[in-house]
Amino acid sequence: MDADPQTADLAPSHDDAASARLKGWLEDYRPFTDAPDELAPPDGSTPEPWLRFLRAVAAYPEGEFAERFALATRHIRDAGVSHRIYGEDSERIWPLSPMPLILAEKEWTEIAAGVEQRATLLEAVLNDLYGEGRLVSDGHLPAAAVTGSDDFVRAMRGVKLPGGKPMHLYAADLGRGPDGRWWVLGDRTQAPSGAGYALENRMVLSRAFPHLYNAMNVERLAPFFSDFRANLTAAASRTDPRICLLTPGPFSESYFEQAHLARYLGFLLVEGDDLVVRDGVVYVRTIAGLKRADVIWRRVDADFIDPMELNSSSHLGVPALLEAIRAGGAVVSNMPGSGVMESNALLSFLPALSRRLLGEALKLSNVATWWCGQPAERELVERNIDTLAIAGAFGGKAHLAVARGPRLLADLSPDERSALRVAMHERPVDFVGQEVVRLSTTPTIRDGKLQPSPFILRVYAARTEDGWRIMPGGFCRISDQKDARALSMGAGAQASDVWVIAEKPVEKISLLAQRDGARVRRITGNLPSRAADNLFWLGRYLERAESTLRVVRSLCTSLMDPDAATHSAGETLDKLKGLLVDSGAVEEQSLGHRVTDVAQAALYDEEAYGSVVSQVRSARRAAASMRERLSEDFWKRLLSLEARLKEEKQIRMSESAGLEQAETALQDLSTLSGLTQENMNRVAGWRFLDMGRRIERGINTSRLMRKLADEDATIDDLDLLLDLIDSQITYRSRYLEGISLTPVRDLVMLDPYNPRSVAFQVITLKAHIAALPVLQDDGMPEEPTRLLTRLACQVEVQGAAALDGPQARAFEHMLLDLSDSITDRYFLQGANATPTKKLGGLA
């Protein structure tokens, strides 16, 4: 039997083809002459971990490596793993390289020690800046180098933090310089991103090459996240705290990562509107009222977190959040104001601060930086301005030319150079000069060949009770440009997993609790109001899409089915078109167009709010805002449906093609419905999604009854009505004598056994509302219960013979009122949000 190429102990291959392939790769590999390379260090030897990896890859049959990776990366596309480029509206698929960055344990130990030391230093500086302020008062730091940053939050001066920890997560961007040593290119102390993508990168590559991943003894990431979660839990004052991840929302550049981390760590993903401060305590708005938020891990920049004290135009933050922090009513990590350590102006002072505060030199030097706020440094920068990179001292606000990072004057236009020089002369404190570091390169696969590409490595540190824990790996960005200067990683960059190779086999660890280490629970907690809102509207959008698809299907069938020939020439066909107009699927002026054109517009017109593609797009947006609550299968199917509708838009439609496309989309919606019914726990989230569908179905059925089952309805109208609410089989099995108005009305509106009838929707809604929590435990019904009880009574006592259009309209309006009442009671309540109240007296 042939040995498995992934498990053959990674020893030198005796297969002639594999050996020749490996030899060819190494001989053809041409690193840049002016930058170090991971695969070809200065001594000319290929590092052993890289040799082991490439030897195993070379042992694959021709093409299998690419096939394995392509199969694994389907997960990226299907699961919607994505990111945004700053300034773009649409998301991009996550660009993962099949080649990891490989680091030996010895080298990683040096990196980890340097990052740990740097995190300790920055923590000490932050404690001083927001505490005694001795570094500034004693002259070790110029005040302007601190206060010039927008990220310095004066309101946090003197605030006592839990455990004295201003940061719980820190990241450093590293690059290997020309001398082979690692350099710190930048610090991430505000809200470090990328850790979730590091998890996703690991998941994809370990799926693609599972045996190779295990045989290489790659260090696991789970212990790092376990320690991070435990430390946030320990920071809270309660033993079973509620930890929230505060996100800017679904339009954030890294929203997928935030949702992924919330699900992986078991945190509650919230936006600013989900939180409210009462009496110095932070609460989450839930369907059961306000519930305390103990710890907030923020991914919103400090300037935007409190519109009352900071940026008043912010819609991302929580009013009075700083007040709650000062009162000890919540732990916010990282501390608002920690982002001041990201400013380039402070980089030049860190070597001296390390010797003063830690008593030792920096183990990882940062890129040489000169702050122009000091006369000597300013003169040096002006003297060497053509060879230094110019950057903003406090981010990109200094000048448009450096808004996206350091720039060489040679790369600017004459007008930009002139304007930048003027700005540097007028406000030198806003600029720094930096040495241009040429980055090391790492092997990547491009055009089927190993090619060198510059990279930046982001390494993470988590604060624990025992110090800093370093993630054994990280987040690697690979440039698509041969220019290896540490200036900018553009939109064409790729990501790469980072494999730290242990010298001994590593223990397989996950975040799953030990056998007896977890308390059993069946309910995850109270559903946040925003999540309930999105689930409710997800159900409504999907039901609207299904209703429109059924009308389109009937339109196309009427032109193809000889038995329905009267549809194509009679009033019923006009009524079908009218239904599409009433639902907003097509414009009124399209009524005179060909039926196929009307059907195509109802399916694919992205400008019409009621078209199928618009409703599916709205459903996807609602789902994207709570991606962490939906199964991967549901999300993949929803993305697939939207993508196919956009692709089919370009096809010229015939009757048969329209029918096929409508039926295929209906099958997708049925799949989504089945996934929610079979896979979602019967808790509040499922109830709100189902309530949205039930209310929309009841409203739509009432409208159809008014249009197609009035006193002047024809047999053709009634037959069409039964078809649109999917009740043909039920009716014909009950009534052998043919279609009659009163039985149709009863089946459509009043039959509690028909899952498409209004009565069935009302009964189901009553069960859902009864299972939801109440704000006041006083036995009094809340408004949604009152409305629903009144509607249920009217439906139960209504006779089919007396049921007419006005009564159906009354049911429709009561359902609309019920929807408004549910919104007022359970969703984001603004200033009216109140905590749950329970009776305190004795019975």
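In the predicted model, four strands form an open sheet, arranged in the order β7-β6-β11-β12 with parallel pairing. Strands β7 (268–270) and β12 (331–333) lie at the edges of this sheet, each of them pairing on one side only. On average, neighbouring strands are turned by 25 degrees against each other, direction ignored. Strands of a sheet pair through backbone hydrogen bonds, either parallel or antiparallel. Within the parallel sheet, four bridges connect strand β6 (residues 243–246) with strand β11 (residues 295–298). One residue pair can be named for this connection: L245 has W297 in β11 as its bridge partner.

Two helices lie across strands of the parallel sheet. Helix α9 (residues 222–235) lies across β6, β11 and β12, and runs at about 135 degrees to β11. Helix α10 (residues 255–265) lies across β6, β7 and β11, and its direction makes an angle of about 150 degrees with β7.

A further open sheet consists of three strands in the order β8-β9-β10, and here the pairing is antiparallel. Its edge strands are β8 (275–278) and β10 (289–292), each paired on one side only. From one strand to the next, the twist averages 45 degrees. Strand β8 is joined by four bridges to strand β9 (residues 281–286), the two running antiparallel. In β9, V281 is the bridge partner of R278.

The sheets belong to a chain with 28 helices and 22 strands. Of its 843 residues, 54% count as buried. The chain exposes about 36,900 Å², of which carbon and sulfur atoms supply 49%. Among contacts between residues at least 6 apart in sequence, 72% join residues at least 24 apart.

Burial can also be followed in single elements and residues. Helix α2 (residues 48–58) is mostly covered, with 10 of its 11 residues buried. Among the buried residues of α2 are P49, W50, L51, F53 and L54, together with the arginines R52 and R55. Residue P142 is located in the loop between α5 (134–137) and α6 (143–147). With a relative accessibility of 23%, P142 counts as partly exposed, because buried residues must fall under 20%. Residues F349, W371 and Q374 are touched by P142, when residues up to four places away in sequence are not counted. The C-alpha atom of P142 is separated by 9.4 Å from that of L346, although these two residues are 204 residues apart along the chain.

A disulfide is a covalent bond between the sulfur atoms of two cysteines. The count of disulfides in the model comes to zero. Two cysteines may nevertheless be described by their burial: C372 is buried at 4% relative accessibility, and C476 is buried at 0%.

Side chains of opposite charge can pair when their charged atoms come close. The model contains 48 salt bridges. In one of them, the side chains of R544 and E696 meet at 3.1 Å, N to O. Since R544 lies in helix α15 (residues 529–560) and E696 in helix α22 (residues 684–708), this pair ties together parts that are 152 residues apart in sequence. R544 is partly exposed, with a relative accessible area of 25%, whereas E696 is buried, with a relative accessible area of 7%.

Another salt bridge joins D726 and R550, whose closest N and O atoms are 3.9 Å apart. D726 lies in the loop between α23 (715–724) and α24 (728–734) and R550 in helix α15, so the pair ties together parts that are 176 residues apart in sequence. The relative accessible area of D726 is 46%, which makes this residue partly exposed; R550, at 9%, is buried.

A salt bridge is also formed by the side chains of D719 and R732, at 2.8 Å from N to O. This pair links helix α23, which holds D719, to helix α24, which holds R732; the two residues are 13 residues apart. R732 is partly exposed, with a relative accessible area of 43%. Finally, salt bridges that share partners join E543, E546, R550, R693, R697, D726 and R756 into one network.

Notes: Residues are numbered from 1 along each chain as its sequence is written. This is a predicted model: local features need pLDDT of at least 70, side-chain atom pairs count only at pLDDT 80 or more; totals for chains, interfaces and linings use all residues. Side-chain values use heavy atoms; hydrogens and water are left out. A disulfide is a pair of cysteine sulfur atoms within 2.5 Å. Buried means under 20% relative accessible area, exposed over 50%, partly exposed in between (1.4 Å probe, protein chains only). Two strands pair if DSSP finds at least two bridges between them. Axes are lines fitted to C-alpha atoms, for helices over the stretch in contact, and angles run from 0 to 180 degrees between N-to-C directions. Contact means heavy atoms within 4.5 Å. Accessible areas come from the Shrake-Rupley method with a 1.4 Å probe; for residues, only the protein chains shown count as cover. A salt bridge is a side-chain nitrogen of Lys or Arg within 4 Å of a carboxyl oxygen of Asp or Glu.
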